[in-house]
Structure formats: C-alpha cells, structure tokens
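Hi,

Here is the structure I promised to pass on to you. Have a look at it first, and then read on for what turned up.

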Amino acid sequence: MSTQTTGSIKLTTVNPPALYDPAPNGYSHAIVAKGGSEIAYIAGQGGEDSTGALSSAFSDQVRQAYKNLSIVLETLGASPNQVTKITTYVVNYDQTMLEEMTKQVKLLFNGTLPAQTLVPVPRLALDGMLFEVDAIAVLS
C-alpha cells in the first residue's frame, strides 16, 4: 500500500501481494479515498479534438482522450492524482492495443495509477470512435 495526500484528501493505493502486480498494465487494484466530500464523475472522453475532429488512428484517439480528460480535470481544479477510478471502452479490442493505452495512462497519472476497468465494445457513440475513458475524481 502507498498513500498520497493532496490537500485534505488522502488516497491509498492498494495492490494486495496475493494478486499480480497491475502497475505494468497501467492501473491499481483499488484506491481508497479518505477525507473527501466532493466527487466529480467525469463523462467519457473520446479522441475528438477541440473542433470535433476525430483521427482514424487508435493511438491518436487514445492520446487525445487522455488530453481531454486532463483538460476536464484542470478545469475542475483537480490533478490526475485525485482520480480514483477510470473505465476505458475500446472498439474491437485486442491485446496489441494495450501497450498504447498503458503508455498514455502512465504519462497522465505519473506513478499514481487509478483503479481501472477495460470494457471491449462493438461500437461507441460516434462513427469512427475507437476509444473512450471516463473517470471518478475526489476533489475535496
């Protein structure tokens, strides 16, 4: 277990030693938030840029989706280390996609990896959309 404090929020990462180490795959088994009373539920962020344009490349969409998530967090006055849970949705998932997803998670969360669930799906909201990530963040 490791603990990090931001303001009045104490987040404890829990990766039981009886389970495999999830960090190489870009997530933690559990995050316990203590002291927070304000929680943000962040809608799915896709790979669209500020004009609504969507690249056809999976890696571009993943990178942009995490950039979009970062923008929402910044607007809320939050940092990535206040995110406790993300859910990712991937169209026609295969394991070759995991490397890019893990890379982007590690870049954004920089060592404080949230709990994460990956959900393979046949389709997302927009034509050509391949990736989406939503998040839960403890604000204060």
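**Methionine 101 and its surroundings**

Methionine 101 is buried, as its relative accessible area is 3%, and a residue counts as buried when that value is under 20%. Please keep in mind that this is a predicted model. The residue sits in helix 2. Leaving aside residues up to four places away in sequence, methionine 101 touches Phe58, Val62, Thr88, Val90, Leu118 and Phe131. Serine 79 lies elsewhere: 22 residues separate methionine 101 from serine 79 in sequence, and their C-alpha atoms are 19 Å apart in space.

**The nonpolar core**

Methionine 101 also appears in the largest nonpolar core, where it is listed with Tyr66, Leu69, Ile86, Phe109 and Phe131 as the residues with the most contacts inside that core. The core has 24 residues in total. At least two of them come from each of strand 4 (39-46), helix 1 (58-75), strand 5, helix 2 and strand 7 (131-138). Helix 1 gives the largest share, with 6 residues.

**The fold as a whole**

What is the order of helices and strands along the sequence? The pattern reads β-β-β-β-α-β-α-β-β, made up of 2 helices and 7 strands. The radius of gyration is 15 Å, close to the 14 Å that the globule rule gives for 140 residues, so the protein is as compact as a globular protein of that length. Along the principal axes, the C-alpha trace spans about 40 × 35 × 20 Å.

Of the 140 residues, 41% are buried. Looking at contacts between residues at least 6 apart in sequence, 73% of them join residues at least 24 apart.

**Surface and charges**

The accessible surface comes to about 7400 Å², and carbon and sulfur atoms account for 54% of that. For your electrostatics: there are 8 positive and 12 negative charges, and the mean positions of the two sets are 8 Å apart.

**One backbone detail**

Where does asparagine 92 sit? Its place is in the loop between strand 5 (83-91) and helix 2 (98-109). Phi of asparagine 92 is near 50°, a positive value in a residue other than glycine. Is asparagine 92 buried or exposed? Its relative accessibility is 58%, so asparagine 92 counts as exposed, the cut-off being over 50%.

Best wishes

Definitions and conventions:
Residues numbered from 1 in each chain as written. Predicted model: local features only at pLDDT ≥ 70, side-chain atom pairs only at ≥ 80, totals over all residues. Heavy atoms only, no water. Helix = DSSP H or I, 4+ residues; strand = E, 2+ residues; numbered from the N terminus. Rg over C-alpha atoms; globule rule 2.2 N^0.38 Å. Buried < 20%, exposed > 50% of the residue type's maximum accessible area, 1.4 Å probe, protein only. Contact = heavy atoms within 4.5 Å. Areas by Shrake-Rupley, 256 points an atom, 1.4 Å probe, with all protein chains shown as cover. Lys, Arg positive; Asp, Glu negative; His and termini not counted. Charge placed at Lys NZ, Arg CZ, Asp CG, Glu CD. Core = buried A, V, L, I, M, F, W, Y, C linked by side-chain atoms within 4.5 Å.
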